[in-house]
Amino acid sequence: MPRTTDGDGTPVPQRLLAAATRLFAEQGYDRTSVQEIVEAAGVTKGALYHYFGSKDDLLHEVYARVLRVQQERLDAFANADEPIEKRLRAAAADVVVTTIENLDDAMIFFRSMHHLSPEKNKQVRAERRRYHEQFRALVEEGQEAGVFSRATPADLVVDYHFGSVHHLSTWYRPDGPMGAQEVADHLADLLLRALRP
């Protein structure tokens, strides 16, 4: 049975994901071998295959772990006892911040999604669709209540915002002129301005 932690208590699956994320970001998914991942994580191939069935499973988990966090947070915003404008703005800013906090994961995913098996690709698309549909439901709720304009269809508003979010990994730099929250505030404000009646 593989060890579940290293000397500092870091669980092996987390070590494998950290090593894979770093290597995929530096070298690309297709140019990273399983051997390089296990050497960087300080484990054996047996340990990798104990926790992940394949390199494809690692790629899927790199993205899925971020999406799980984002979905949990969106669920909380959507169900909060707050006005719709406040809930949508919080959700819009949060997805920017959590994407920036996991920029390597986002970059790897959008650069390497085509490497996923058809089954994993379908699963990821379904998970993303669920997130986008829930986000769109917030926009529609505000439109139906008359808080947001109906001039632009909710689908287009959501695509506009997520186009900006998905593009973050191509230009955002942690040492740049704006911090994550500042970028998030600007993009959330743009979204709300686009929805003003």
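The largest cavity in this predicted model has a volume of about 140 Å³. The count of cavities of 30 Å³ or more comes to one. Its lining is formed by 16 residues, and those nearest the centre of the cavity are Tyr63, Gln70, Thr99, Val165 and His166. Five helices each supply at least two residues of this lining, namely α4 (55-79), α5 (84-101), α6 (103-112), α7 (118-144) and α8 (154-171). Helix α4 gives the most, with four residues. Classified by residue type, the lining of the largest cavity consists of nine nonpolar, five polar and two charged residues.

The largest pocket holds about 170 Å³ of space. Arg125, Arg128, Arg129, His132, Glu133, Arg136, Asp155, Val158 and Asp159 line the largest pocket, and the elements that give two or more residues to this lining are α7 and α8. The largest share comes from α7, which provides six residues. By class, seven residues of the pocket lining are charged, one is polar and one is nonpolar. Helices α7 and α8 thus enter the description of both sites, as each supplies at least two residues to the lining of the largest cavity and two or more to that of the largest pocket.

With regard to overall architecture, the secondary structure of the chain comprises nine helices and zero strands, giving the pattern α-α-α-α-α-α-α-α-α along the sequence. The C-alpha atoms of the chain fill a box of roughly 60 × 35 × 30 Å along the principal axes. Of the 197 residues in the chain, 45% are buried. Among contacts with a separation of 6 or more, 67% are between residues 24 or more positions apart.

Helix α9 was examined in further detail. This helix contains 16 residues (residues 180-195), for which a span of 22 Å is expected at 1.5 Å a residue; the C-alpha atoms at its ends are 23 Å apart, in agreement with that expectation. The buried residues of α9 are Ala180, Val183, Ala184, Leu187, Ala188, Leu191, Leu192 and Leu195. These residues lie on the same side of α9, because they cover an arc of only 165° around the axis. In general, residues three or four places apart in an α-helix point the same way, because the helix has 3.6 residues a turn. The buried residues of α9 pack against α5, α7 and α8.

Two residues illustrate the local environment around the end of α7 and the loop that follows. Gln143 is located in helix α7 and has a relative accessibility of 9%; Gln143 therefore counts as buried, the cut-off being under 20% relative accessible area. Apart from residues up to four places away in sequence, Gln143 touches Phe148, Ser149, Arg150, Thr152, Pro153, Ala154 and Leu195. Leu195, one of these contacts, is also among the buried residues of α9.

Ala151, by contrast, is situated in the loop between α7 and α8. The relative accessible area of Ala151 is 69%, so this residue is exposed, the cut-off for that class being over 50%. Ala151 and Ala194 are 43 residues apart along the chain, and their C-alpha atoms are separated by 9.4 Å.

Technical notes: Residues are numbered from 1 along each chain as its sequence is written. This is a predicted model: local features need pLDDT of at least 70, side-chain atom pairs count only at pLDDT 80 or more; totals for chains, interfaces and linings use all residues. Side-chain values use heavy atoms; hydrogens and water are left out. On a 1 Å grid over the protein atoms alone, a cavity is a set of points where a 1.4 Å probe fits but cannot get out, and a pocket is an open set with protein on both sides within 12 Å along at least five of seven lines; lining residues have an atom within 4 Å of a point. Grid points are joined across faces, edges and corners, and a volume is the space filled by probe spheres set on the points. Ala, Val, Leu, Ile, Met, Phe, Trp, Tyr, Cys and Pro count as nonpolar, Asp, Glu, Lys and Arg as charged, and the others, Gly among them, as polar. Buried means under 20% relative accessible area, exposed over 50%, partly exposed in between (1.4 Å probe, protein chains only). Contact means heavy atoms within 4.5 Å. The expected span of a helix is 1.5 Å times one less than its number of residues. The arc is that of the directions from the helix axis to the C-beta atoms.
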